[in-house]
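Visitor: I have a protein model to look at. Could you walk me through some of its details?

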Amino acid sequence: MGIYDRPYYRDGGLPSVAPWDQRSMVSLLIIANAAVFLANMLFTNRTSLIMNSLAVDPSVMEQPWQWYRMITYGFAHAPRDPMHILFNMVSLYFLGRSVEDRYGRWEFLRFYLVAVFLGGVYWTIRTWGGNGGAMLGASGGVTAVSMLFVFCFPKAELLLFGVIPMPAWLLGIMLVVGNILGGRGGVAYDVHLVGAAFAAVYFFGNLQLGFIGNWYSGVQTVLKQKQRGFKVHRQDEPSGGERRVLPPRDEAEADRILEKIHQTGQDSLTAAERKFMESYSRRVREKRSQPD
C-alpha cells in the first residue's frame with residue numbers, strides 16, 4: 001500500500017473514537033486472554049466448558065467446522081494453572097510492546113494470530129491419528145513475539161526474573177535451547193519452536209502480512225476511483241523493470257511512525273524517526289516521479 005493510500009491521507013475522515021482504538025494491541029490481547037480465563041473460572045469451573053470449547057485436539061483435523069480452534073486455543077488457559085497465563089501475559093506485555101511499536105498495531109496482531117494459527121495447524125497434524133490430547137495456551141504466539149523482539153533488538157538489556165540483567169540475544173538462545181531440551185511433561189515445546197521458527201522466517205525474510213487486512217481497503221479505493229471517473233494507478237506497483245520498490249520493512253516503519261503522528265502529533269517523534277521519515281518521503285517522491 002502506497003504512502004498516499006494510507007488511512008491518514010484518505011477521505012479526511014475523523015479518527016475513530018472506539019475504545020479499542022485507544023489501547024495497544026498488546027493490551028487488548030491481554031484483556032481477551034484474561035477475560036476468557038476469568039469467565040471459565042467463574043462460570044464453568046467444574047466442567048471447564050469454555051476452555052474445552054476453545055482448545056484444539058487431533059479430532060479437529062477431520063472436522064472443518066471446528067478449525068476455528070486452531071486460533072481460539074491461544075486464548076484459553078487452564079484455571080488450575082494460573083502461572084501459565086501469568087507467565088504468558090507478562091512476557092507478552094514486556095516484550096510485545098516494543099515489537100508493536102516497531103511494526104504497528106495491526107501488523108503486530110496479524111503476526112501474533114498467524115503464529116498461533118501455525119502452532120494449531122502443526123499440533124493437529126502431528127497428533128492426528130495418535131494419542132495426543134487437547135492443547136491450549138498462548139505460549140506459541142508469545143514465543144514468536146519474544147523471538148521477534150530478540151531479532152529486532154538483540155542488544156537490548158533485559159532483566160531475567162526482574163533481577164538478572166542479560167542481553168536479548170542470550171534470552172533468545174535460552175528460549176530455543178530450553179524448548180529443544182524441555183523435559184516437563186504436558187508442555188507442547190515443539191509448538192513453541194514453531195512460533196520461534198515463524199519469527200525467524202518473518203524477520204529475516206522481510207515479510208509483511210498486510211495483504212491479509214489491506215485487500216478490503218484496496219478494493220474500496222479502486223471502487224471510489226472508478227466512481228469518480230479516474231484511471232486507477234497504484235504508485236507502489238512497479239510498471240517497468242527499473243521502477244524502484246521500497247523495502248517492506250520500511251513500509252512497516254513508515255506506517256508505525258504515521259500512526260504515532262496520528263495519535264500523538266509530530267512533536268512526539270524522536271530524532272531518529274524524523275530522519276527516517278525525511279529519507280522515506282524523499283524516496284517516495286523519487287519513486288512517484290519515475291516514468292511508467
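Guide: Let us begin with a term. A residue is buried when its relative accessible area is under 20%, exposed when it is over 50%, and partly exposed in between. Keep in mind that this model is predicted.

Visitor: Is arginine 256 buried or exposed?
Guide: The cut-off for buried is under 20%. Arginine 256 has 14% relative accessibility, so this residue counts as buried.

Visitor: Which residue meets the side chain of arginine 256 in a salt bridge?
Guide: Side chains of opposite charge can pair when their charged atoms come close. Arginine 256 lies in helix α10, and its partner is 3 residues apart in that helix, so about one helical turn separates them. The partner is buried too, at 16% relative accessibility. The N to O distance is 2.8 Å, and the partner is glutamate 253.

Visitor: How many salt bridges does the count come to?
Guide: The rule asks for a side-chain nitrogen of Lys or Arg within 4 Å of a carboxyl oxygen of Asp or Glu. Glutamate 107 and arginine 110 qualify, at 3.1 Å. By this rule the count comes to 3.

Visitor: What separates glutamate 107 and arginine 110 along their helix?
Guide: Both belong to helix α5, which covers residues 105–127. Glutamate 107 is buried at 3%, and arginine 110 is buried at 18%. They are 3 residues apart, so the separation is about one helical turn.

Visitor: Which residue forms a salt bridge with arginine 126?
Guide: The closest N and O atoms of this pair are 2.6 Å apart. The pair links distant parts of the chain, 64 residues apart: arginine 126 is in helix α5 and its partner in helix α8. Arginine 126 is partly exposed, at 44% relative accessibility. Its partner is aspartate 190.

Visitor: The side chain of asparagine 179 makes a polar contact with which side chain?
Guide: Asparagine 179 sits in helix α7 and is buried, with a relative accessible area of 10%. Its side chain also reaches the backbone oxygen of leucine 175 at 2.7 Å. Farther along the sequence, asparagine 179 touches residues including Tyr189 and Leu193. The side-chain partner, at 2.7 Å, is histidine 192.

Visitor: Which element gives the largest share of the lining of the second largest pocket?
Guide: This pocket has a volume of about 1400 Å³. Its lining has 40 residues, with Phe87 and Leu175 among those nearest the centre. By class, 24 are nonpolar, 14 polar and 2 charged. The largest share, 9 residues, comes from α4.

Technical notes: Residues numbered from 1 in each chain as written. Predicted model: local features only at pLDDT ≥ 70, side-chain atom pairs only at ≥ 80, totals over all residues. Heavy atoms only, no water. 1 Å grid on protein atoms, 1.4 Å probe; cavity = no way out; pocket = protein on both sides within 12 Å on 5 of 7 lines; lining within 4 Å. Points joined across faces, edges and corners; volume = space filled by probe spheres on them. Helix = DSSP H or I, 4+ residues; strand = E, 2+ residues; numbered from the N terminus. Nonpolar A, V, L, I, M, F, W, Y, C, P; charged D, E, K, R; others polar. Buried < 20%, exposed > 50% of the residue type's maximum accessible area, 1.4 Å probe, protein only. Polar contact = N/O pair within 3.5 Å; in protein donor to acceptor, adjacent residues only side chain to side chain. Contact = heavy atoms within 4.5 Å. Lists of a residue's contacts leave out its neighbours within four places in sequence.
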